[in-house]
Amino acid sequence: MVKAAQRAGRAARTSVWLEGRTRRGGGSRGGGQPSGLDRDRITEATVRLLDAEGLAKFSMRRLAAELNVTAMSVYWYVDTKDDLLELALDAVHGEMRPPAGDSDEDWRDQLRALAAEYRALLVRHPWVSPLAGTFLNIGPHSVAFSLAVQRVIRLTGLPAHGQMGAISAVFQFVYGFGTIEGHFIERCAAAGMSQDEYFRQAMSAVTENPGLSEIVHRSADLMEARGGDTVEEMRDRDFTFALETLIAGIEAMVARG
């Protein structure tokens, strides 16, 4: 009861980056805790587990087993499981390589590069997409990527009041595309099939279903026109065309003034 009252009296946690918690690490702290454990090592192990087993199976006990320590040892470095997930989310954002701040590349090429980096991140780490809307994403790597995006959008010539809308149009598209792509790859792996094998099997089942014959028939010419010999090629063509459509939309809005 006392603990519940104490929790009720505290403000809700907003972000691990705003907690001001001291980074503890290295050495033993008594009780037989192993040396060499720190927040960075715990975060790296969290990313490995999330990649290998997914978000649903992740737990502090599973992480402790991976690190060969007790679960209570992990809590010496972070307060909650959410803290760990937020740290892992920012850590993988550090994998992206945005254009240099002083790049003289055309804004279109820089925007294409940023979109490609974000898409690749979502595909490499499918657990990122459900977490991206859960946390504030204000860690150093996330902020660096956001600043790079804002810098490039400013180069487009869009009026200030439309720049956030342009960012949303491009990167919400990439988020959705990369999320679906990542989940499809996960589904194929779980089925023990390649993407092309899974696609052929799925299309065969759909084609044989009388209730879906119309959509298959109406889509046949679109599929043929798109081209691509593999699922990856077809997907890349779709992504490229969609992104170019958004870039053309930005150009049109700038021209409209």
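Are E214 and R218 buried or exposed? In this predicted model, E214 is exposed, and R218 is exposed as well. The two residues both belong to helix α11, which spans residues 213-226, and they stand four residues apart, about one turn of the helix. Their side chains form a salt bridge, with a distance of 2.9 Å from N to O. This pair is contained within one helix; the paragraphs below place it in the setting of the chain and turn to pairs that link separate helices.

The protein chain holds twelve helices and zero strands. Read from the N terminus, the order of elements is accordingly α-α-α-α-α-α-α-α-α-α-α-α. Of the 257 residues in the chain, 33% are buried. The accessible surface of the chain amounts to about 14,900 Å², and carbon and sulfur atoms contribute 55% of this area. Among contacts with a separation of 6 or more, 69% are between residues 24 or more positions apart.

One helix pair was examined in detail. Helix α6, residues 107-124, and helix α9, residues 160-190, have axes that come within 8 Å of each other and cross at roughly 35°. The crossing of α6 with α9 is right-handed. On the side of α6, the contact is made by L111, L114, A115, Y118, R119, L122 and V123. On the side of α9, the contributing residues are V170, F171, V174, Y175, F177, G178, T179, E181, G182 and I185. Sorted by class, this contact comprises twelve nonpolar, three polar and two charged residues.

R119, one of the α6 residues in that contact, also takes part in a salt bridge. The side chains of R119 and D236 meet at 2.8 Å, N to O. Because R119 lies in helix α6 and D236 in helix α12, residues 231-256, the pair ties together parts that are 117 residues apart in sequence. The two partners fall into separate accessibility classes: R119 has a relative accessible area of 11% and is buried, the limit being under 20%, whereas D236, at 36%, is partly exposed.

In total, 13 salt bridges are counted in the model. A further one joins R48 to E66, with the closest N and O atoms 3.7 Å apart. R48 lies in helix α2, residues 39-53, and E66 in helix α3, so this pair ties together parts that are 18 residues apart in sequence. R48 is partly exposed, with a relative accessible area of 45%, and E66 is also partly exposed, with a value of 34%. These two residues belong to a network of salt bridges that links R48, E53, R62 and E66.

Several residues in the loops were also examined. N68 is located in the loop between α3, residues 60-67, and α4. Its phi is near 60°, a positive value in a residue other than glycine. Most residues other than glycine have a negative phi. N68 counts as exposed, with a relative accessibility of 69%. A second such case is N137, with a phi near 55°, which is likewise positive in a residue other than glycine. N137 occupies the loop between α7, residues 128-132, and α8, residues 140-154.

W76 is placed in the loop between α4, residues 71-74, and α5, residues 81-93. With a relative accessible area of 29%, W76 is partly exposed, because this class covers values between 20% and 50%. W76 and D38 are 38 residues apart in sequence, and their C-alpha atoms are 9.2 Å apart in space.

E95 is found in the loop between α5 and α6. Its relative accessible area is 32%, and E95 is therefore partly exposed. When residues up to four places away in sequence are not counted, E95 touches E117, L121, R124 and H125. E95 and H141 are separated by 46 residues in sequence and by 8.6 Å in space, C-alpha to C-alpha.

Notes: Residues are numbered from 1 along each chain as its sequence is written. This is a predicted model: local features need pLDDT of at least 70, side-chain atom pairs count only at pLDDT 80 or more; totals for chains, interfaces and linings use all residues. Side-chain values use heavy atoms; hydrogens and water are left out. Buried means under 20% relative accessible area, exposed over 50%, partly exposed in between (1.4 Å probe, protein chains only). Contact means heavy atoms within 4.5 Å. Accessible areas come from the Shrake-Rupley method with a 1.4 Å probe; for residues, only the protein chains shown count as cover. Axes are lines fitted to C-alpha atoms, for helices over the stretch in contact, and angles run from 0 to 180 degrees between N-to-C directions. A crossing is left-handed if the near helix is turned anticlockwise from the far one by less than a right angle, and right-handed if clockwise. Ala, Val, Leu, Ile, Met, Phe, Trp, Tyr, Cys and Pro count as nonpolar, Asp, Glu, Lys and Arg as charged, and the others, Gly among them, as polar. A salt bridge is a side-chain nitrogen of Lys or Arg within 4 Å of a carboxyl oxygen of Asp or Glu.
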